[in-house]
Every structure is written in structure tokens, then in C-alpha cells.
Amino acid sequence: PDPGTLASVLTEGVKNTISDSRVKVTYEPEYVPAVPPAMPDIPPEQLAGMIKATVKVEVLDSNIAYLKIQHIIGEEMAQKVGPLLLEYIWDKVLPTSAMILDFRSAVSGELSGIPYIVSYYTDSEPLIHIDSVYDRPSDITTELWSMPTLLGKRYGTSKPLMILTSKNTLGVAEDVAYCLKNLKRATIVGENTAGGTVKIDKIKVGDTDFYVSVPVAKSINPITGKSWEIDGVAPHVEVPAEDALETAVAIIQLR
């Protein structure tokens with residue numbers, strides 16, 4: 001009689017059968033598929049407001065840049081709001097001597113944002129194979145490579161880079177952390193991440209209000225030959241998420 005309870009029971013059954021916490025059954029009579037707004041329809045000032053709402057920028061003591069990111073924007077949006085990104089974020093942090101990327105609340109993002117972010121912390125040459133993503137519906141594997149040219153200057157490869165994680169860090173942010181970890185460019189501080197996926201589809205079950213959320217793509221790292229999905233990204237320095245910032249600052253100052 002209670003569809004919500006049925007959905008929970010089905011979800012537990014699926015998890016116990018296939019050991020994949022990403023697969024869920026939900027009952028959503030009001031569900032409307034999200035349609036991303038077309039880029040040209042959003043005025044730049046509104047985009048700037050969106051960026052400021054999802055990114056916190058600060059320069060801490062000891063000349064350490066701190067960027068708290070909740071959503072990783074894609075390349076298309078980054079190109080559109082480029083001057084705003086430079087003015088509001090990058091020009092402030094470029095002169096610093098170390099950087100902390102706070103992904104503890106990062107739960108969404110665009111796949112095209114992965115090479116965009118990683119490239120700012122690598123050299124322009126040689127190009128680096130960052131990730132490969134297999135998309136099951138299209139049966140296509142896309143290789144993600146570092147970018148030879150970027151908007152603004154690179155942060156470089158020599159200054160310390162810390163990434164803060166929590167058990168809630170999800171999806172594209174996990175991919176960025178895993179890439180930079182295995183390139184030996186960043187030190188991960190915090191908790192093991194959620195173990196999500198780069199892409200989930202919500203599939204309607206027949207003529208009902210039940211839906212199955214299921215991963216439809218898989219990230220394979222070219223260095224490890226493995227994926228961060230399901231198991232998450234393990235930190236170099238494991239501390240409770242609330243202590244990660246203080247710990248990262250202490251590590252930078254020690255170095």
C-alpha cells in the first residue's frame with residue numbers, strides 16, 4: 001500500500017544482489033526530467049551569480065589559496081564566462097604559493113570540466129591522457145586529454161596542491177581528485193569519497209511512478225587501469241572532513 005516503502009525494499013534488494021550502492025529504486029509521482037538551459041539564454045551576469053554561489057575564493061595566511069567548489073562547470077560555460085572566471089577567481093589565486101581545492105561539498109559537475117581543471121595544474125606539453133570514459137548506451141569510449149591552451153596562466157606543477165574530500169564528495173569531483181592523485185600532482189586530505197559515477201540515468205519503470213537510477217558510464221584511469229567508482233577515492237592523509245582544511249594548511253606550512 002505504501003509505494004515509498006516498496007521502493008526502499010527494492011533498493012535494498014538490488015544493493016544486496018549486485019553490491020552497487022549507486023543503483024536505486026525511487027517512487028516519484030512529481031518527477032520531471034531536468035533539462036539544462038541553453039547557454040545563450042543565460043546572460044553573463046546571471047552566470048557570474050551562479051559561479052559566485054558555487055565557488056568560494058579566499059587567500060589564507062602563509063599565502064595559501066583556498067577554493068571551495070560545489071559544482072564543476074563544463075568547458076562550454078567556462079569559455080562563456082572566461083573573463084569573469086579570471087577576474088573573480090583566477091587572478092586572485094595565481095600569485096599564491098600553494099593551493100587548497102575544497103571538494104568536500106562537491107556533488108555535481110560536467111564531464112568536460114575534468115580536463116579543464118586538471119590542465120591548470122599540469123604543463124602544456126607533453127599532453128597527458130587523463131581519463132577514459134566508456135558510455136554504455138552509445139558504446140563509445142571517450143579519451144580525456146590535458147589541454148594545450150587555457151584561459152589565463154597555469155598554476156604550474158611545482159607549487160603544493162591539496163584537495164579536501166569527504167564521504168559526500170561525488171561524481172566528477174571524485175574523477176578530478178583521482179586524476180590529480182595518480183598524476184602525483186595533488187595530496188588528498190580528508191575522508192574516502194562516495195564512490196559515485198560520472199553519469200547516471202533515471203529510467204521510468206513501465207507506466208508507473210517508479211524510477212531506477214543506474215550508472216550508464218564508467219571512468220577508467222589510464223595510469224591505474226582502474227576506476228574510483230563504487231570504492232571512492234582514498235585520501236593520502238585520512239582525517240575527519242571537518243579537520244581536513246586545518247590539516248592541509250599544516251602540511252603546506254611544514255613543507
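Mentor: Let's start with a term: a helix here is a DSSP run of H or I with at least four residues, and helices are numbered from the N terminus. Keep in mind that we're looking at a predicted model.

Trainee: Okay, which residue just after helix 6 takes a positive phi?

Mentor: That's K184, with a phi of about 60°.

Trainee: And how many residues of helix 6 are buried?

Mentor: Buried means under 20% relative accessible area. In helix 6, residues 172–182, 11 of the 11 residues are buried, so this helix is largely enclosed by the rest of the structure. Charged names turn up too: E174, D175 and K181 are among the buried residues.

Trainee: How should I picture side chains around a helix?

Mentor: An α-helix has 3.6 residues a turn, so residues three or four places apart point the same way.

Trainee: Back to positive phi. Where is N63 found, and is N63 buried or exposed?

Mentor: N63 is in the loop between strand 2 (55–60) and strand 3 (64–69). Its phi is near 60°, a positive value in a residue that isn't glycine. N63 is partly exposed, at 35% relative accessible area. D139 also has a positive phi of about 60° without being a glycine. You'll find D139 in the loop between strand 7 and strand 8 (140–145), and D139 counts as exposed, at 55%.

Trainee: Which residues does a cis peptide bond join?

Mentor: E125 and P126, with omega about -10°. P126 belongs to the loop between helix 5 (113–119) and strand 7 (129–135).

Trainee: Let's try a single residue. What does V93 touch?

Mentor: Leaving out residues up to four places away in sequence, V93 touches V57, A65, L67, M99 and Y155. V93 sits in helix 4 (residues 82–93) and is buried, with a relative accessible area of 0%. Look at V59 as well: V59 and V93 are 34 residues apart along the chain, yet their C-alpha atoms are separated by 7.0 Å.

Trainee: How do people find pockets?

Mentor: Rolling a probe the size of a water molecule over the atoms shows where empty space is left. In this model, the largest pocket has a volume of about 1,300 Å³. It is lined by 38 residues, and H71, S108, G109, E110 and V198 are the closest to its centre.

Trainee: What classes of residue form that lining of the largest pocket?

Mentor: There are 18 nonpolar, 12 polar and eight charged residues. The second largest pocket holds about 210 Å³. Its lining has five nonpolar, one polar and four charged residues, including R22, Y134 and R136.

Terms used
Residues are numbered from 1 along each chain as its sequence is written. This is a predicted model: local features need pLDDT of at least 70, side-chain atom pairs count only at pLDDT 80 or more; totals for chains, interfaces and linings use all residues. Side-chain values use heavy atoms; hydrogens and water are left out. Helices (H or I, at least four residues) and strands (E, at least two) are DSSP runs, numbered from the N terminus. Buried means under 20% relative accessible area, exposed over 50%, partly exposed in between (1.4 Å probe, protein chains only). Contact means heavy atoms within 4.5 Å. On a 1 Å grid over the protein atoms alone, a cavity is a set of points where a 1.4 Å probe fits but cannot get out, and a pocket is an open set with protein on both sides within 12 Å along at least five of seven lines; lining residues have an atom within 4 Å of a point. Grid points are joined across faces, edges and corners, and a volume is the space filled by probe spheres set on the points.
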